[in-house]
Amino acid sequence: MGGSTECVKHIELYVNSSATSLQQEASVNAIATLLKNDTLNIETLVREMEMYLTTTDHIIRSRGILLLAEVLAKLTSKPLTDTSIHSLIGFFSERLADWKASRGAIVGCLALLGRKKEVGMVTDSEAKAVALSYLQNLQVQALGQHDRKLSFRLMECILDHYACAIRDLGDVLLYGICEAIDEEKDPDCLVLVFHIIESLAKLYPDPSGPLSKFAQDLFEILGSYFPIHFTHRKGEDDDNKREELSRALLLAFASTPLFEPFSMPLLLEKLSSSLPSAKVESFRYISYCTTQYGSDRMVKYAQALWSSVKEATFISPQSTVSAESELTGGMGFLDNDMMTQAFVLLQEVMQQDIIFTNLVLSDKDINIFVNSLIESTDFGDISLLLRQKLHAAGHILSVCAKSSAASCNKVFESYFPLLMNALGISPAKPSQKSYLDDDCSVFKLNFGALYLCIDFLGACRCLTAFFDNFTLVSDFANQTWCAMLHRFSGPLMKGFISFLGSNIVDSGHNAFVYLCVKGLQTLSTFPESFVPVSKHLYDCSLLMLVSIVTSEINKTFSWTSALKALVEIGLFIDNCPDSGRASSYKSTVVEKIVFLISSGDITSSSSLKLQAAYDIGATRKEFMVRIVQGLDEAIAVHFSAAYELGNLESDKLATELLDTYSNKVLPWFLETGDSEEIPIKFALGIWANIENSRCINPRPPDNASNLLGATMTAMKKAVGSCTVEGQEMIINKSYELLLESNCFESMGFQSDNCSSKLKGLQQNHNFGSSTYRYEWLISLFASVVIALRPQACIPNGKMMVQLFISAILNGHVSSAHALSALVNKLPSKITGINSFRSISLEEVLDMIFGSFFRTSSNGSMSGNDGHEIDLSGLKLDTLRIQSAKSNVVIGLAWIGKALLMRGHVKVKDITMTLLGLLMLDGNIGDSNQLQEWTEVCDEEYVPQLMKCAADSFHIIMSDSEECLNRRYHAVIRPLYKQRFFSSVIPILSSLVVKSESSSVRSMLYRAFAHVVSDAPLTAILSEAKKLIPILLDCLAILSMDVLDKDIIYNVLLVVSGLLTDRNGEEAVIGNAPRIINQLIDLTAYSQSMAIRETAIQCLVAMSELPHTRIYPLKTQVLQSISKALDDPKRIIRQEAVRCRSAWYVIS
């Protein structure tokens, strides 16, 4: 009873003429919910609505029927009884005659006809009754756009789901649909119309069936829409809608062969149109219709189709020189859309009937062109137009050749002997052995013949690849083209090799070089079932290509072409089961490349040789493994020479080898998902090289840091890609080497004593004077630690932490990275069996804070309670070397970043310490504290320490490539930057207000800039009103120092983000004058073009603010922009013109 009462309330609201669309939708949802929950049943609903469904007031009646229909549309998955469905579909079917309530009737029929069998569906007889009522009563073209769309959807639904029920309607159905769709113009409705016609063709496939009587009438309707073109464009979606319509019309055109007598004349007529788009669409439609109509119907159009294709591709070629034309010897062309579609059509018709091939081969224009072209032997004698025609002719003939074996036979019989004669190639005798002997044919340089020959070879390869899986080898031998290719391929390959090995090859022969290299590549990549050349010639071909790669690096074009060919051959081998070819490739190509990089003969053009090694190795895992062995050998040789002897050349080469390893080889193995054997072997190999090099050059080369940096990067990437077990193997090896090298003793403590001698470490810094070997050891060990997974176990963790702390005091940044990685990944406490069994996070933090801070009697850090900044706890007074104080600050910053990323509370202690360092030169805090700091810090060193503290906030907030990232398995808590931003910005803002020292205020603004620049924009937008004034002050202060231009640019990007985001609009409007004045100043910032450009772009954005806020500054802006119009940089002048236009129209 309650459901019925509630239902009546929603019904009355819906039919009320004053109800809004949102209220009506809510009523429908509410009633549907009652029905789904069985609080109300469908019979009760109909009884309650009876007066609204049968009233003579057509407005209320139409609303009532629509309400019932929309409720049913919400119940598609709700089971209904057959009786209910029968009654409802009968009601809606009858109401299709009620034109004033037709929308509700259509929606109701759609809702019921779309139901599935398992929840109750309409029977075939009921669907047929709906179709008859539709055809007899609905005047579709008299309806509005939305109702027409609904009616077409209804007919589409009937045709798709109840085709068998309405098939016997025949002429009645076809006539009614013709009447309904005629003169339809709405794009959304037309998509449905075209699909309805397609469905009709499926319903009546018989050529003599009912559709044959109406084929002409239906196509007259369809043809009037071709080609699809919008006369009045409405928006960016027009192109998508046009493509959707064109696709639907295409399917309708090709839906039945009965349309062929009407569609083909229309499409051929449109090929003569002056509109290129009409020609493109015509070629596209004919290509698809050809496959659907069948060859029997298309043969009669063969001559007309060939003439159209020839006109579009050969007679008037519209191809343009491509950007990669230089890489193909000047024969790289891009076909326009019309040529592309014409070639697609040619390919379709060629595959249907040999008559099309006969038309091409008998064409006088093609034959005259080919015969005349081969008389011009030099590439330089061929004009651009002739090259375009040659490109088209080659494409046409190759399409013919690869369409079928019969067509290929005809093409070869017609042209191949002519081309071979022009190239001076004689067929090999059956008894002649295929070796590179002296009695081979004399290869002639004839560009036209060579170009067409290479196209023919490519077509044969495509044809053999197509038939390879289901054609016997004996079947190939019976083909004319196959026999001719076998006779000529050997001498042809000899000619290619002879030319490439000759002394006449220079930059003027690039086109010939490209074609000969491509010819070798093509002949080397035929399927296993059809190999046109002997194994000896195949090996000679590989040998020639690899010799170019290894010895002709100064000839850039030849080198690039040969390398590309070798890569393609390698990829082909990887995709075929021919182990013989793989063996030849490995012994001939891969081994020579390995010898090249491992023999020491890599000093000249080393980057190109390494590129060749990687590209060839990447074609197959087997090849890459062998290349890696060569790289390992080369690294060992040059690493030792640089590490022990200080050889500058070896230092450079080792660096390049390591960069190749870390940037290409390791990512390749990671991407292919192969085992970790390679990275483990590489990492252990580096440690073995260090171990075997007991001495080191006491005077390392000036660029030795490049080698160390490259080694560290490669080590991190290798370790990072390993599993936990592999990482533990590597770190154990590295730890053993550190022990053997007495590295711990050199740092001031014994390896057998785990207790730290921190006081000695802090006061007697012997790391700075230690050998270069110790720096390598600690740096590489740090690289291993940085990349460890959180689950990996480290040996003797306390000693490792002590080592890193000591190294940090001596300015070793990598140790700070490693220590921060430990802090980020270690478990808080060790309970039971844990991955980091040797030490926990709490122990590490105790050691760190014990080293850098004093503790009070209760064991806690003195001072930092979160409200007051106190530096008395920072143990910098024990550091007599001034640089060590900055090293501590940098170390604290990295440790703070690690704690922040994992969400540890002690990041607050480090943050407050860094904030305290910013106040060293100020008047905030305890005077005794400042006096103490003055004693331990030289007065001239204080600003440097403050600047270091300010820049620490950049370390904390920025993303690092060196450590603490996902690649190196860092623990990253979501939204950690937002939390730090929210906690630090209020403190910085407060300190800026309280500070009376200009130097302190400058450092506070610097820290503020770092935090804001690296914070997500969403966090900044929430505090935009408070931040904008500080941002503007920050820009003003920082612009005084030219060294701060990068920071200024980052802050300016933040301002730009606020200006272009709607959520920041209110804050921007409130500060508009100040923002504009600051931007005006920055438009003249001479030290950075990027700052000037961004400032002008921001002024353009400001021009869109409310008139009252910006108009008073119009004159000032235009005056400043007039100066930017004379800027020496073109991009600045362009932005200035845009800005002046935007501000000039403000009135």
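Which residue lies over the face of Tyr288? Let's start there and then visit the other close-ups of this predicted model.

**View 1. A charged residue over the ring of Tyr288.** Arg247 is the answer: this residue lies over the face of Tyr288, 5.7 Å from the ring centre.

**View 2. Lys1114 and the ring of Tyr1144.** Here the charged end of Lys1114 sits over the aromatic ring, with 5.7 Å to the centre of Tyr1144.

**View 3. An edge-to-face pair, Phe639 and Trp776.** The model holds 21 aromatic pairs by the ring-pairing rule. In the pair shown here, the ring centres of Phe639 and Trp776 are 5.3 Å apart and their planes stand at 90°, so the geometry is edge-to-face. Distant parts of the chain are linked by this pair: Phe639 belongs to helix α31 (residues 621–645) and Trp776 to helix α38 (residues 772–786), with the two positions 137 residues apart in sequence. Both Phe639 and Trp776 are buried.

**View 4. An aromatic cluster.** Have a look at how Phe219, Phe226, Phe253, Phe259, Phe262 and Tyr285 come together as one cluster of aromatic residues.

**View 5. Two stretches with pLDDT under 50.** Across the chain, pLDDT averages 84, and 86% of the residues reach at least 70. Residues 749–770, however, stay under 50, and the model gives this stretch 50 contacts beyond four places in sequence. Residues 923–936 also stay under 50, with 23 contacts beyond four places in sequence. A friendly word of caution for this view: predicted coordinates should not be read in detail where pLDDT is low.

Note on methods. Residues numbered from 1 in each chain as written. Predicted model: local features only at pLDDT ≥ 70, side-chain atom pairs only at ≥ 80, totals over all residues. Heavy atoms only, no water. Phe/Tyr/Trp six-rings, centres within 6.5 Å; stacked < 30°, edge-to-face > 60°. Helix = DSSP H or I, 4+ residues; strand = E, 2+ residues; numbered from the N terminus. Buried < 20%, exposed > 50% of the residue type's maximum accessible area, 1.4 Å probe, protein only. Lys NZ or Arg CZ within 6 Å of the ring centre and 35° of its normal. pLDDT = per-residue confidence, 0-100. Contact = heavy atoms within 4.5 Å.
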